[in-house]
Amino acid sequence: MQYRRLGRTGLQAGEIGLGTEYLVSQPQDEVNRIFSMAAERGANYVDVFWPQRTYRDVIARGIRPHRSRMILAGHLGVKEEHGQYARTRNVEDCREDFHDFLRRFQTDCVDIMMLHFVDEPDDLQEVLWGDFFELAGELKQQGKARSIGMSCHQIETGRAAAESGLVDVIMFSLNPAFDVLGHLSSQHSDQQRESRLEDLESDAAQMMKEQRREFYRLCAREDVALVAMKIFAAGWLFSAGSLNRVPTTAQCIQYALSQPAVATVVPGVRTLAECEDVLNFVDADEQARDYSAIIKDNQWDLSQQCMYCSHCQPCPEDIDIAAVIRTLDNARSGLTHRIRKDYRNIEVSAEACTQCGVCQQRCPFGVPVIERMEEAAGVFGR
């Protein structure tokens, strides 16, 4: 494992880290094996953001034997609401949840306190220059966090955070499809999306790509480390490219690690096999890592594609939106019998959707969630 300086934190992070969001329903034995393999092979950066108490207990038990070797990133700005993940800026809720995190992980502090999911300008203002950041500073002063980071998906927000001098680490969505297309979010109109996809070489598209590159360079100049998330775009990079140039795991990882300021990548893994596949990058040769062909030959369209990140939660009707959409996307592969069984196992189905639209307002990737719920109800209607 190669190690990189995690910006001005001074910590040394392995190039390969772990995102843990897909471990939310995995049994304890599998989680233990995953963390044991990661630790044995030198992966030492772990990001944990789900607030569900049972999930935290499982992840904490998996990490505990290796805690002294791990850089642990925990999120400030989340809470459990009716068993679901929810984002919050309520100071007392955040204080209570953060202390719960420390108790369950049996640790005095996190290495990185990640200010959770900050995309909109108004939210950035509240997070960095209000009571929320005062709480973050208080917790850090008390020794409960060594450094402060922030997770986001938008260039403008990331740039402002990097220039603020208040955060040491930014966790950012980064992969070749996003960088080639420019990030297509809910802030872009349908006309802008169409225009972007019709002409990837237009002045507007080139400007968007350059803005992303300049953001990475800015972070390097400010000594703010980038932690790359969504490096496989929730697996869509392995199916959404042109048929002759589907990228490999190693190519996606190398692409992210080749960008300025990137210290580590945190791919989400579900199983021991997926963990091993990611860690095999360490032994991959230069040819296996070469991503030049996928940049040259592919034109991905990931606009409005669900990344299964659950930032749209909580749903007022308790629908597990990511699970429903993932099941719907899997159904397009033709595995109808098994997929129908998976859908029946979802506790609250798409039919419960009241089309309130709060999920679409929260989604950082512009997914038309209401349409997806209608489609799922039509395909799987009970």
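Two residues are in contact when heavy atoms lie within 4.5 Å. In this predicted model, residues 24 or more positions apart account for 76% of the contacts in the chain with a separation of 6 or more.

**The chain as a whole**

The secondary structure of the chain consists of 17 helices and twelve strands. The chain has 382 residues, and 56% of them count as buried. Its accessible surface comes to about 16200 Å², and carbon and sulfur atoms hold 45% of that area.

**A helix with buried residues**

Helix α2 covers residues 53-63, and its buried residues are Y55, R56, V58, I59, A60, G62 and I63. Which elements cover these buried residues of α2? Among them are the helices α1 (28-40) and α3 (91-104), together with the strands β4 (45-48), β5 (71-76) and β6 (78-81). An α-helix has 3.6 residues a turn, so residues three or four places apart point the same way.

**A negative patch on the surface**

The residues E120, D122, E126, D131 and E134 form a negative surface patch. Two helices, α4 (121-128) and α5 (131-141), each supply at least two residues of this patch. One member, D122, lies in helix α4. Is D122 buried or exposed? D122 counts as exposed because its relative accessibility is 68%, and the term exposed applies over 50%.

**Backbone features in loops**

Most residues other than glycine have a negative phi, and most peptide bonds are trans. The following table lists two alanines that depart from the first of these patterns.

| Residue | Phi | Place in the chain | Relative accessibility |
|---|---|---|---|
| A233 | near 50° | loop between β11 (225-229) and α10 (249-257) | 0%, buried |
| A261 | about 75° | loop between α10 and β12 (262-265) | 23%, partly exposed |

Phi is positive in A233, a residue other than glycine, and A261 likewise has a positive phi although it is not a glycine. Why is A233 classed as buried? The relative accessible area of A233 is 0%, and buried means under 20%. A261, at 23% relative accessibility, therefore counts as partly exposed, since that class lies between the buried limit of 20% and the exposed limit of 50%.

Another backbone feature concerns a peptide bond. Q313 and P314 are joined by a cis peptide bond, with omega about 0°. Where does P314 lie? The position of P314 is in the loop between α13 (292-297) and α14 (321-331).

Key:
Residues are numbered from 1 along each chain as its sequence is written. This is a predicted model: local features need pLDDT of at least 70, side-chain atom pairs count only at pLDDT 80 or more; totals for chains, interfaces and linings use all residues. Side-chain values use heavy atoms; hydrogens and water are left out. Patches are made of residues with over 30% relative accessible area and no salt bridge: like charges are joined within 9 Å, nonpolar side chains (Val, Leu, Ile, Met, Phe, Trp, Tyr) within 5 Å. Accessible areas come from the Shrake-Rupley method with a 1.4 Å probe; for residues, only the protein chains shown count as cover. A salt bridge is a side-chain nitrogen of Lys or Arg within 4 Å of a carboxyl oxygen of Asp or Glu. Lys and Arg count as positive and Asp and Glu as negative; His and the chain ends are not counted. The place of a charge is taken as NZ of Lys, CZ of Arg, CG of Asp or CD of Glu. Helices (H or I, at least four residues) and strands (E, at least two) are DSSP runs, numbered from the N terminus. Buried means under 20% relative accessible area, exposed over 50%, partly exposed in between (1.4 Å probe, protein chains only).
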